[in-house]
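Student: Please take me through one part of this model closely, and then show me how the rest of the chain is put together. I would like the reasons for each label as we go.

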Amino acid sequence: MHVYPYRFHPIYKERLWGGRNLQRLFGRQLPPGKKIGESWDLVDLPGDSSVLANGPDAGVTLHELTAQMGGELLGPARPMADGSFPLLLKLLDAESILSLQVHPDAAAANQIGRDAVTKTECWYVLESRGGFIYKGVLPGITAQRLALAVDDNTVDRFVRKVPVAAGDFHY
């Protein structure tokens with residue numbers, strides 16, 4: 001394996017809320033007739049591992065690179081417990097409202113078990129036409145109240161709605 005500037009083939013994910021803006025913004029050749037909501041540009045998850053697109057190692061997966069190169073590829077970072085690359089980089093094209101995401105902390109993930117994992121996420125907004133993100137629950141909202149809101153489809157009344165503009169960064 002050689003160290004050089006790697007480029008990977010994107011993995012496109014069709015989503016109900018997706019669009020075609022990745023084609024306009026980045027010149028991507030998207031699958032015809034599909035609403036593409038996500039482009040996974042760097043990923044090493046079960047069933048989805050980025051494939052190297054250039055150079056002498058073209059065709060090798062990011063998982064294989066991580067296993068073979070270790071610290072030469074990662075520097076001081078460490079792979080995940082399963083040996084996978086520790087970062088997911090994706091572009092989103094949200095033409096309509098996305099589902100509300102809930103990421104457990106370490107204690108909740110341990111209690112849930114199965115495949116629950118903690119997840120740190122940040123967003124950099126490239127373009128927005130009056131968009132927003134939901135970011136946390138409003139002060140004073142209990143787990144019980146939120147559970148009731150799920151049942152009666154009113155969750156949006158109990159979460160913080162934050163307007164976004166190009167150049168915004170959200171952790």
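Tutor: Start with Asn-153, which lies in the loop between helix H5 (143–151) and strand E10 (159–163). The model is predicted, so what follows describes a computed structure. Asn-153 has a phi near 60 degrees, which is a positive value in a residue other than glycine. As a rule, most residues other than glycine have a negative phi. Is Asn-153 buried or exposed? Asn-153 counts as exposed because its relative accessible area is 69%, and the label "exposed" applies over 50%.

Now place that loop in the chain. The protein chain has five helices and 11 strands. Its C-alpha atoms fill a box of roughly 55 × 40 × 30 Å, taken along the principal axes. Of the 171 residues, 29% count as buried. The label "buried" is given under 20% relative accessible area, and "partly exposed" covers the range between buried and exposed. Keep these cut-offs in mind for the residues below.

Next come the salt bridges. Side chains of opposite charge can pair when their charged atoms come close. The count here comes to eight salt bridges. One of them joins the side chains of Lys-13 and Asp-48, at 3.0 Å from N to O. This pair links distant parts of the chain, with Lys-13 in strand E2 (residues 11–19) and Asp-48 in strand E5 (residues 48–49), 35 residues apart. Lys-13 counts as buried because its relative accessible area is 17%. Asp-48 is also buried, because its relative accessible area is 17%. Lys-13 has a second partner to look at: the charged end of Lys-13 sits over the ring of Trp-40, 4.5 Å from the ring centre.

Strand E2 takes part in another salt bridge. The side chains of Glu-38 and Arg-15 meet at 3.3 Å, N to O. Glu-38 is in strand E3 (residues 36–42) and Arg-15 is in strand E2, so the pair, 23 residues apart, links distant parts of the chain. Are the two partners buried or partly exposed? Glu-38 is buried, because its relative accessibility is 8%, whereas Arg-15 is partly exposed at 26%.

A further salt bridge joins Arg-24 and Glu-127, at 2.6 Å from N to O. Here Arg-24 is in helix H1, while Glu-127 is in the loop between strand E8 (123–124) and strand E9 (132–137), and 103 residues separate the two. Arg-24 has a relative accessible area of 48% and therefore counts as partly exposed. Glu-127 is partly exposed as well, with 37%. The pair also belongs to something wider: Arg-24, Glu-95, Glu-127 and Arg-129 are linked in a network of salt bridges.

Stay with helix H1 for a moment. Leu-25 is found in helix H1, which spans residues 21–26. A relative accessible area of 38% makes Leu-25 partly exposed. Leu-25 helps make a nonpolar surface patch of about 700 Å², together with Phe-26, Tyr-124, Leu-126, Phe-169 and Tyr-171.

One patch residue, Phe-169, leads to strand E11, which covers residues 169–170 and holds His-170. His-170 is buried, because its relative accessibility is 10%. The side chain of His-170 is joined to the side chain of Lys-135 by a polar contact of 3.2 Å.

Last, the aromatic rings. The structure holds three aromatic pairs. Among them is the pair of Tyr-4 and Tyr-6, which is edge-to-face, with 4.7 Å centre to centre and 70 degrees between the planes. Why is it called edge-to-face? Planes over 60 degrees apart get that name, and these planes are 70 degrees apart. Tyr-4 counts as buried because its relative accessibility is 19%. Tyr-4, Tyr-6 and Phe-8 form one aromatic cluster. Elsewhere, a ring is paired with a charge: the charged end of Lys-161 sits over the ring of Phe-132, 4.1 Å from the ring centre.

Definitions and conventions: Residues are numbered from 1 along each chain as its sequence is written. This is a predicted model: local features need pLDDT of at least 70, side-chain atom pairs count only at pLDDT 80 or more; totals for chains, interfaces and linings use all residues. Side-chain values use heavy atoms; hydrogens and water are left out. Rings of Phe, Tyr and Trp (its six-membered ring) pair if their centres lie within 6.5 Å; planes under 30 degrees apart count as stacked, over 60 as edge-to-face and the rest as tilted. Buried means under 20% relative accessible area, exposed over 50%, partly exposed in between (1.4 Å probe, protein chains only). A charge sits over a ring if NZ of Lys or CZ of Arg is within 6 Å of the ring centre and within 35 degrees of the ring normal. Patches are made of residues with over 30% relative accessible area and no salt bridge: like charges are joined within 9 Å, nonpolar side chains (Val, Leu, Ile, Met, Phe, Trp, Tyr) within 5 Å. Accessible areas come from the Shrake-Rupley method with a 1.4 Å probe; for residues, only the protein chains shown count as cover. A salt bridge is a side-chain nitrogen of Lys or Arg within 4 Å of a carboxyl oxygen of Asp or Glu. Helices (H or I, at least four residues) and strands (E, at least two) are DSSP runs, numbered from the N terminus. A polar contact is a pair of N or O atoms within 3.5 Å; within protein, one must be able to donate a hydrogen and the other to accept it, and residues adjacent in sequence count only if both atoms are side-chain atoms.
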